[in-house]
Amino acid sequence: MRNPSAVKVGPIINIPVIVGATGADVTNTGNDPRDFLFLVANSNALQAKVMAGFVVNDLGKKTAAMIWQNGDVYSKGFVNAFDANFQALGGRIVANQIYEQGDTMFDGQLGIIKEASPDVLLLASFPPENPVIVEQAREMGIKSTFIGSDGWDDALMLEILEDNSPLENSYYCSISDELAADFIVAYETMFKNQAIGIAPLGYDAMRLLAIAIESVQSTDPVKVRDAVAAITDYQGATAISGFDGNRHPVKPAAGIRVMKIVDGQPEQHTVVKANQ
C-alpha cells in the first residue's frame, strides 16, 4: 500500500487509473498525463489535518515528535501536513527524525525523542519498520502516546512483533471512511479475513470504472476518463458525491475513521468529520 507507486506509474500512461493512494500530489493538474488518474481515498493531507485535530481536541495533547522514512513521498507529505495543522492548533513539534527504509535499529532517533519528551509520537510510514520503532521506543522508556498515519492500516502491522503489547492504545487513521463499515462486515463474512483499509477502496475503484465504461459504451481512454469525472452521488463501499478539479473524491457526508489498537487488534475509536 505504499502510495508513491501511484506517483511513479501515473505519468507514463494515458489510460484512466483509479487508485486508493492518498498522496495529494498524485493527481497533478494541467497537461500532465496524470490527469487520467483519480483518487478514491481522502488525501493524506486531509488525513493529517484530521489527526492533528484529534491529538489536540480529543487527546488534549500539546507537544508532538515525528519520525518518518527518508525519501518517501508519502511520509514526507503526511508529516508536513500534520506539522502545519498541529502548529496552527497551538501544538508544538519538539523533535523531527528520519530513518532509512530497511533500518532495524532506531536508538539514535529515539534517544533524541526521549529527551524531548513529547506528548505524542507520530510514525508516518509503514511496516515493517513502524512496529519495531514502537517496540524499541517502549524498551527505552518512552511514554508518549503513539499515533500513526494510514500507513498503519495494513495487516502486516500486527504480524511483525512476537508480542504486540507495545502497540497497545496507539491510534491511527484509516484509509477507508466511516461508510465502509457495511462493506467491511460483508468482506470479513465472505473471506473470513480482516478487511484492511484498502479493500473497500479497491472495490470502489473497480465499480467506478465499470460505471464509466457502461455509461459511454466504450473503452476509449478519453471517454472513460471524462465519464469517471462526471460521476456523481456514487454509493458503494464508500460514498463519493463527485470529483473536484484535482480528481480527488468529494465526500461531504463521510468522516475519517480513527482506529485504536486494543487487546492487540484494531477497532474503530471514533469518526472525525473533516472539511475538504
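**A tour starting from helix α2**

Select helix α2 and colour its buried residues, which are Asn44, Leu46, Gln47, Ala48, Val50, Met51, Ala52, Gly53, Phe54, Val55 and Val56; buried means under 20% relative accessible area, with exposed over 50% and partly exposed in between (1.4 Å probe, protein chains only). The model is predicted, so local features need pLDDT of at least 70 and side-chain atom pairs count only at pLDDT 80 or more, while totals for chains, interfaces and linings use all residues. Residues are numbered from 1 along each chain as its sequence is written, and side-chain values use heavy atoms, with hydrogens and water left out.

Because 11 of the 15 residues of α2 are buried, this helix is largely enclosed by the rest of the structure. Helices (H or I, at least four residues) and strands (E, at least two) are DSSP runs, numbered from the N terminus. For the 15 residues of α2 (residues 44-58), 1.5 Å a residue gives an expected span of 21 Å, which agrees with end C-alpha atoms 20 Å apart; the expected span is 1.5 Å times one less than the number of residues. Just after α2, pick glycine 60, whose phi is positive, near 70°.

Next, show what surrounds the helix: the buried residues of α2 pack against α3 (73-88), β5 (120-123), β6 (145-148), β7 (171-177), β12 (255-262) and β13 (265-273), where contact means heavy atoms within 4.5 Å. Centre on methionine 51, which, leaving aside residues up to four places away in sequence, touches Phe78, Phe82, Ile147, Gly148, Tyr171, Tyr172, Cys173 and Val258.

Met51 also appears, with Phe78, Phe82, Phe86, Leu122 and Ile147, among the residues with the most contacts inside the largest nonpolar core, which has 27 residues. Such a core is a set of buried Ala, Val, Leu, Ile, Met, Phe, Trp, Tyr and Cys residues joined through side-chain atoms within 4.5 Å. At least two residues of this core come from each of α2, β3 (63-69), α3, β5, β7 and β12, and α2 gives the largest share, 8 residues. Apart from this core lies another, of 23 residues, among them Tyr99, Leu158, Leu161 and Ile261.

Finally, zoom out to the whole protein chain, which has 8 helices and 13 strands. Buried residues make up 52% of its 276 residues, and among contacts between residues at least 6 apart in sequence, 65% join residues at least 24 apart.
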